[in-house]
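Biologist: I am new to reading structures, and I would like a close look at a single part of this one. Could you take me slowly through one place where two helices pack, and through the residues around it?

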Amino acid sequence: MKDIDVKTLSVIKSEEEKKRAEKLLKKVTFTGILIIFLISVSPCIFYFYEAFPNSTVWKTSFFTVKVSNYSSLHSAAWYFVNKFVPFYLFLLWFLTCRHWWRYIILIPVTLYIFQLITILNTSVEFVDEMEIYWLIPVILVTAAVVHTLRLKLFYRVVRGVDLEKLNKELKSYDLDKK
C-alpha cells in the first residue's frame, strides 16, 4: 500500500494537492475496510438467532419479550435473521456498486423489506405468501427505469448518438413544419 501512496503522491506537484490526495486515500481505505468488515461479520449476524431461548417468553431484568405467532423466540429470530442477512448484503451491494444496472438490485432489497415487515407483523399468520403482489409495481418501475438507462447508454456509448442533439433537431423539424 505504501508503494501506491508514493507513486500517487509523486505525480502531484503542490503540497495542498498532496494533502487532499492523502485525505482522499485515507477516506477510501477506511471505507473499504468498513465494507470488508460489514461483509465479513454477516455470518456472525446470521447465527445470532442461537442466542435466543427456545421458549415463547424471555424475561430478563432489563426487558421481557413474548412471541405469539411463532413456536418460540428461537424460531422467530431464525425467520428474522434469514430475511435480514440477505437484505443487509443486497443493500451493501447496492450502495457500493457503481455499474449502471445497480438499480435492479433494489428489487430483491424491496422483497426482503416486505418479508421483514411480514415477519415483524404479529397479525400475519403465514410468512412469505403475499409479498410478490406488493413487489410487482416495484419490479415494473425499476425495470422500466433500468431499461431506459440502458437505452440511453447504448445510444450514447455504442452508437455515439447524443440524444439531446437528436431531440433538438427533431424539434427544429417540427417548428419548420408550422
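Modeller: Helix 4 and helix 5 cross in a left-handed way. Keep in mind as you look that this is a predicted model. The axes of helix 4 and helix 5 come within 9 Å, and the angle at which they cross is roughly 155°. Angles over 145 degrees count as roughly antiparallel, and therefore helix 4 and helix 5 are roughly antiparallel to each other.

Which residues make the contact between helix 4 and helix 5? On the side of helix 4 you will find Y79, F80, K83, F84, P86, F87, F90, L91 and F94. Helix 5 brings L106, P108, V109, Y112, I113, Q115, L116, I119 and L120. To find them on your screen, look for helix 4 at residues 73-96 and for helix 5 at residues 106-120.

Let us pick out a few of these residues, starting with Y112 in helix 5. Is Y112 buried or exposed? Its relative accessibility is 17%, so Y112 counts as buried. If we set aside the neighbours within four places in sequence, Y112 is in contact with K83, P86, F87 and F90. Those four names also appear among the helix 4 residues that make the contact with helix 5. You can also compare Y112 with L135: they are 23 residues apart in sequence, and their C-alpha atoms are 10.0 Å apart in space.

L106 is another residue of helix 5. With a relative accessible area of 27%, L106 is partly exposed. L106 and L91 are 15 residues apart in sequence, and from C-alpha to C-alpha they are 8.0 Å apart in space. Both L106 and L91 take part in the contact between the two helices.

T110 lies in helix 5 too. At 15% relative accessibility, T110 counts as buried. Leaving out neighbours within four places in sequence, T110 is in contact with L135 and V138.

Now turn to the rings. A pair of aromatic rings is described by the distance of the centres and the angle of the planes. Searching the whole structure gives 16 aromatic pairs. One of them joins F84 and F87, whose ring centres are 6.2 Å apart and whose planes stand at 50°, so this pair is tilted. F84 and F87 are three residues apart in helix 4, which means that about one helical turn separates them. F84 is partly exposed, with a relative accessible area of 26%, while F87 is buried, at 15%.

F90 and W93 form an aromatic pair as well, and this one is stacked: 6.1 Å from centre to centre, with 25° between the planes. Planes under 30 degrees apart count as stacked. F90 and W93 also both lie in helix 4, three residues apart, about one turn of the helix. F90 counts as partly exposed, at 24% relative accessibility, and W93 counts as partly exposed too, at 41%.

There is also a charged side chain to look at here. R102 lies over the face of F94, at 4.7 Å from the ring centre. The charged end of R102 sits over the ring of Y103 as well, 5.2 Å from the centre of that ring. F94 is one of the helix 4 residues in the contact with helix 5.

Helix 4 has another partner, helix 2, which covers residues 15-40. The axes of helix 2 and helix 4 come within 10 Å and cross at roughly 160°. That makes helix 2 roughly antiparallel to helix 4, and this crossing is left-handed. The contact is made by I35, L38 and I39 of helix 2 and by Y88, L89, L92 and T96 of helix 4.

To finish, step back to the whole chain. The protein chain has seven helices and two strands, which follow the pattern α-α-α-β-β-α-α-α-α along the sequence. Of its 178 residues, 19% count as buried, and we have met Y112, T110 and F87 as buried residues. Among the contacts in the chain with a separation of 6 or more, 48% come from residues 24 or more positions apart. One further group of rings is worth finding on your own: ring pairs link F48, F52, W58 and F63 into a cluster.

Notes:
Residues numbered from 1 in each chain as written. Predicted model: local features only at pLDDT ≥ 70, side-chain atom pairs only at ≥ 80, totals over all residues. Heavy atoms only, no water. Phe/Tyr/Trp six-rings, centres within 6.5 Å; stacked < 30°, edge-to-face > 60°. Buried < 20%, exposed > 50% of the residue type's maximum accessible area, 1.4 Å probe, protein only. Lys NZ or Arg CZ within 6 Å of the ring centre and 35° of its normal. Contact = heavy atoms within 4.5 Å. Axes fitted to C-alpha atoms, helices over the stretch in contact; angles between N-to-C directions. Parallel < 35°, antiparallel > 145°, perpendicular 65-115°, else oblique. Left-handed = near helix turned anticlockwise from the far one by under 90°.
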